[in-house]
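User: I am new to this structure and would like a close look at one part of it. Please take me through it step by step, explaining the terms as you go.

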Amino acid sequence: MKIHEYQAKELLAAAGAVIPKGIVARTQSEALTAFDSFGGKPVVLKAQVHAGGRGKGKFKDSGKDFGGVKYLTKREAVAEVADTMFKFPLVTKQTDAAGQKVSTVLVQEAADIAKEIYVGMVLDRTLGVPVLMASAEGGVDIEEVAARSPEKILKMPVSPELGLRDYQARQLAFELGFTGDQIEQAVKILRALSKVFLEKDCSLAEINPLVVTPDGKVLALDAKITFDDNALFRHTELESLRDLSEENPAEIRAGKAGLNFIQLHGNIGCLVNGAGLAMATMDIIKFYGGQPANFLDVGGGVTPEGAIEAFRIILSDPAVKGILVNIFGGIAKCDLIAEALVKAGREVGFKVPVVVRLEGTNVEKAREILATAKSELPTLQTAANLAEAAQKVVAAAK
């Protein structure tokens, strides 16, 4: 689960980080009131969307040349920029061509910047522990730094039981070039970042940039936090931070049905039981020249209700021209799965070719059920193995 920048900074501030003053606005009028409250000081208007690259983005069909982060000094300019932000969708390198509607804008007190630094925390699956990463070359192009000069990215393993130790934070602050009392300021922010990451079960927590002002203050100027969905049951307090308007409606619907669904940009829908099998299914579709339209894991047992809802979600995407059903009958027997698929076909109506590959317990009985159903479900096809299934669905989708 992702949250907005202003929410991420509030969590970091509660953990001890120093952040610039900011006011959330949801209308042009509120943005102007926020600007007035700063007494004429320069501000930065920051569109709040769950996509990176805001500063280099563009507001679709607006005719304006600025992106989702804009430095402003005059009230009339705040009015113009806020009006654009609320009226037009923001297109960035992480959105689709339609862009993302902006419902919230952060009006933040502008800070003079002498130095920009990147710090972030993720789970290193090779080491099996969280790792605090940092670079003295922070800012909007940190991805380019990582690709061009990976040696400039510092990494500090962090114990999940003990958290970031003081000596680790000071060592990292020193290596990043902090001096004097800046070191303790940086340590405070680094520890806050680690605290939030560990206590809130995050999959990502980053500050980019962490800045040093000309007078030596260290501030968390921007922040991004993503929580591990599998741990949200332990953090009911985070539910209020969720912004459903930023999420894919089909993915929200699938979540309510207990389905693991991620929409992609291809034309072949996938219905699979098991995350690993789903990944292999998408790979083989690509191998035979197709493009998967989604990742959909229905779990260990496929019920008629789950299959019906899964097909409805897949078919709600107008780009889908074929569906590959790849099921391994282990926990759930193949014949029961076949009956569930037939019932789903009767209720939903297979409007596109559906290729089914079943393997496992009672597979022969399952194939008989599907063969009998072909007369009433003419777009239903079966395949003896995964390679054949992938080739059939790719051909059908073309």
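Analyst: Let's start in the middle of a sheet, with Leu 45, whose bridge partner in β6 is Val 107. Before going further, please keep in mind that this is a predicted model, in which local features need pLDDT of at least 70 and side-chain atom pairs count only at pLDDT 80 or more, while totals for chains, interfaces and linings use all residues. Residues are numbered from 1 along each chain as its sequence is written, and side-chain values use heavy atoms, with hydrogens and water left out.

Leu 45 belongs to strand β2, residues 43–47. Strands here are DSSP runs of E with at least two residues, helices are runs of H or I with at least four, and both are numbered from the N terminus. Two strands are said to pair if DSSP finds at least two bridges between them. By that rule β2 and strand β6 (residues 105–109) pair in the antiparallel sense, over five bridges. You can follow this pairing along β2: Val 44 stands opposite Gln 108, and Ala 47 has Val 105 as its bridge partner in β6.

β2 also has a neighbour in strand β4 (residues 69–72), to which four bridges join it, again running antiparallel. Here Leu 45 turns up once more, with Lys 70 as its bridge partner in β4.

What surrounds the two faces of β2? Both are covered: Val 43, Leu 45 and Ala 47 on one side, and Val 44 and Lys 46 on the other, are all buried. Buried means under 20% relative accessible area, exposed means over 50%, and partly exposed lies in between (1.4 Å probe, protein chains only). Overall, five of the five residues of β2 are buried, making the strand mostly covered. For β6, four of the five residues are buried, so the rest of the structure largely encloses this strand.

Now step across β6 to strand β1 (residues 22–25), which pairs with β6 in the antiparallel sense over four bridges. One example to look for is Val 24, whose bridge partner in β6 is Leu 106. Put together, these strands form an open sheet of four, in the order β1-β6-β2-β4, with antiparallel pairing. β1 and β4 stand at the edges with a single partner strand each, so one side of each has no neighbour in the sheet. From one strand to the next, the twist averages 20 degrees.

Two helices lie across this sheet. Contact means heavy atoms within 4.5 Å, and angles run from 0 to 180 degrees between N-to-C directions, along axes that are lines fitted to C-alpha atoms (for helices, over the stretch in contact). α1 lies across β1, β2 and β6, at about 50 degrees to β6. Helix α3 (residues 75–87) lies across β1, β2, β4 and β6, running at about 5 degrees to β2.

Finally, follow the chain beyond β2 to two histidines. His 50 sits in the loop between β2 and β3 (58–59), while His 4 sits in the segment before α1 (5–14). Are these side by side or apart? Leaving out residues up to four places away in sequence, His 50 touches Lys 2, Ile 3, His 4, Asp 243 and Glu 246. Counted in that way, His 4 touches Gln 48, Val 49, His 50, Asp 243 and Glu 246. His 4 is buried, with a relative accessible area of 3%; His 50 is buried too, at 15%.

His 4 also takes part in polar contacts, meaning pairs of N or O atoms within 3.5 Å; within protein, one atom must be able to donate a hydrogen and the other to accept it, and residues adjacent in sequence count only if both atoms are side-chain atoms. The side chain of His 4 makes such a contact with the side chain of Asp 243, at 2.8 Å. A polar atom of the His 4 side chain also lies 3.5 Å from the backbone oxygen of Gln 48.

To retrace the path on screen, begin again at Leu 45 and Val 107, move out to the edge strands β1 and β4, and finish at His 4 and its contact with Asp 243.
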